[in-house]
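Please examine the sequence and the model shown below. The explanation after it moves from the sheets to the helices and then to individual backbone features.

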Amino acid sequence: MNPLLHRLQPYPFERLRQLTRDITPNPALRPISLGLGEPRHPTPALIEHALTSSLKGLSSYPATAGDPLLREAAAGWLQRRYGVTVDAATQVLPVNGSREALFSLAQSVIDPTRPGATVVCPNPFYQIYEGAALLSGAEVAFANSDPARNFAPDWSQIDEATWARTQLVYVCSPGNPTGAVMPLDEWRTLFELSDRHGFVIASDECYSEIYFRDEPPLGGLQAAKALGRDDFRRLVMLTSLSKRSNVPGMRSGFVAGDAEVMKQFLLYRTYHGSAMSPVVQSASIAAWNDEDHVVANRELYRTKFAQVTPVLQQVMDVALPDASFYLWAGVPAAFNGDDVAFARGLLAQYNVAVLPGSLLARSAHGSNPGAGRVRLALVAEVAECLEAAQRIASYVKSL
């Protein structure tokens, strides 16, 4: 077997199951989970109709590069959303969800024969970044989130010697789990480092359409254009329909950016066997070409967060994020920063599951930046999320 598999750490949810396997949740209360970040709003009817209307596509093998109409729909969305122009034929590729592409991109970018091959990622982070790096034969360096900067990653923690070995940087903006959006000045810093050291930037933007302020989050390609980098050199953005359109089961997204990176990524994917089903492609075209359902979805999240956040603010250190569907909440002082103990007690007494922040991070630069916080995924309907918040408030007040 591949010896690199032994370097992988258990997924956060598996670790949480092990940490709570001895707990019997309060049977008097129905279970509510705020742990898994899986969209649970209804799938829009127009997408369901597009799926069922294109079933004849099952009789054909799909091309890895995807239907030109899908690439054009993706390019059109990028123009409308970010004001950037890409060549649909050479700068866009459909992928089976951003998770699949985040992993496979590392396999095509990383050269493990170069001494000290390194991937840099934020901390806490989406664990696919680490797994992709390790299975590509690289080491991982972490940039811890900074509470003083709304939990954005502090890229200055990476020293010059590490940057010199870096081949790939994962950016998550809006961030998981913090919801922080990276500003233009930080993009400028990363672009300058990329020019100096030659690494590729992978910008994970799957939460970009769930935001709470008037101005939508800045995207990587948008930042590049603003800084005069219209060729998007060494930059790839990745996005998905899962959160935007409530279709996580479709596994549909796309990547866009540097044409040379896209060319090599297409070569890798041709052998990898990752072509998107023609049926899913048809439904994806319909989804990318429609914004009405996205606006309605965003308003539902805004309503939910407006009701839930004030309830939790009475008992926890928590604030409305820049974007995404998570609250990144500090555990009460009574727990002395023990987020696992908080999650265990909440599950046992109030039958609400949350994800301890320490499981989403690694110890780096002398600390675990996820410790003392919990991630709350507000993905259920408003009433269920509000009930969960009220139970959490009752739990904290009972201590």
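The paragraphs that follow describe the strand order, the helix packing and some unusual backbone geometry. The model is a predicted one.

Consider the sheets first. Strands of a sheet pair through backbone hydrogen bonds, in either a parallel or an antiparallel manner. Here, one open sheet is built from 8 strands in the order β2-β9-β8-β7-β6-β3-β4-β5, and its pairing is mixed. Its edges are formed by β2 (92–95) and β5 (152–153), each of which pairs on one side only. At the β5 edge, strand β4 (residues 139–146) runs antiparallel to β5 and is joined to it by 2 bridges; Ser145 has Pro153 in β5 as its bridge partner.

A second open sheet has 3 strands, ordered β10-β13-β12 with antiparallel pairing. The edge strands in this case are β10 (326–330) and β12 (355–356), each paired on one side only. Between β12 and strand β13 (residues 373–377) there are 2 bridges, and Leu355 has Arg375 in β13 as its bridge partner.

Helices lie across the sheet of 8 strands. Helix α7 (residues 184–197) lies across β5, β6 (166–172), β7 (200–204) and β8 (235–240), and runs at about 150 degrees to β7. Helix α10 (residues 259–272) lies across β2, β7, β8 and β9 (253–257), at about 35 degrees to β2.

Helices also pack against one another. The axes of α3 (residues 68–82) and α11 (residues 278–288) come within 9 Å and cross at roughly 20 degrees. Because this angle is under 35 degrees, α3 counts as roughly parallel to α11. Their crossing is left-handed. On the α3 side, Leu69, Leu70, Ala73, Trp77 and Arg80 meet Gln281, Ser284, Ile285 and Trp288 of α11. The residues of this contact comprise 6 nonpolar, 2 polar and 1 charged.

Finally, the backbone deserves attention. Most peptide bonds are trans, and most residues other than glycine have a negative phi. The bond from Asn123 to Pro124 is cis, with omega near 10 degrees, and Pro124 sits in the loop between β3 (118–123) and α5 (128–135). The bond from Ser173 to Pro174 is likewise cis, with omega near 0 degrees; Pro174 belongs to the loop between β6 and α7.

Two residues other than glycine have a positive phi. Arg251, in the loop between α9 (241–245) and β9, has a phi of about 50 degrees. Arg251 counts as partly exposed because its relative accessibility is 34%. Asn351, in the loop between α13 (339–350) and β11 (352–353), has a phi near 55 degrees. With a relative accessible area of 8%, Asn351 is buried.

Technical notes:
Residues numbered from 1 in each chain as written. Predicted model: local features only at pLDDT ≥ 70, side-chain atom pairs only at ≥ 80, totals over all residues. Heavy atoms only, no water. Axes fitted to C-alpha atoms, helices over the stretch in contact; angles between N-to-C directions. Helix = DSSP H or I, 4+ residues; strand = E, 2+ residues; numbered from the N terminus. Parallel < 35°, antiparallel > 145°, perpendicular 65-115°, else oblique. Left-handed = near helix turned anticlockwise from the far one by under 90°. Contact = heavy atoms within 4.5 Å. Nonpolar A, V, L, I, M, F, W, Y, C, P; charged D, E, K, R; others polar. Pairing = 2+ DSSP bridges. Buried < 20%, exposed > 50% of the residue type's maximum accessible area, 1.4 Å probe, protein only.
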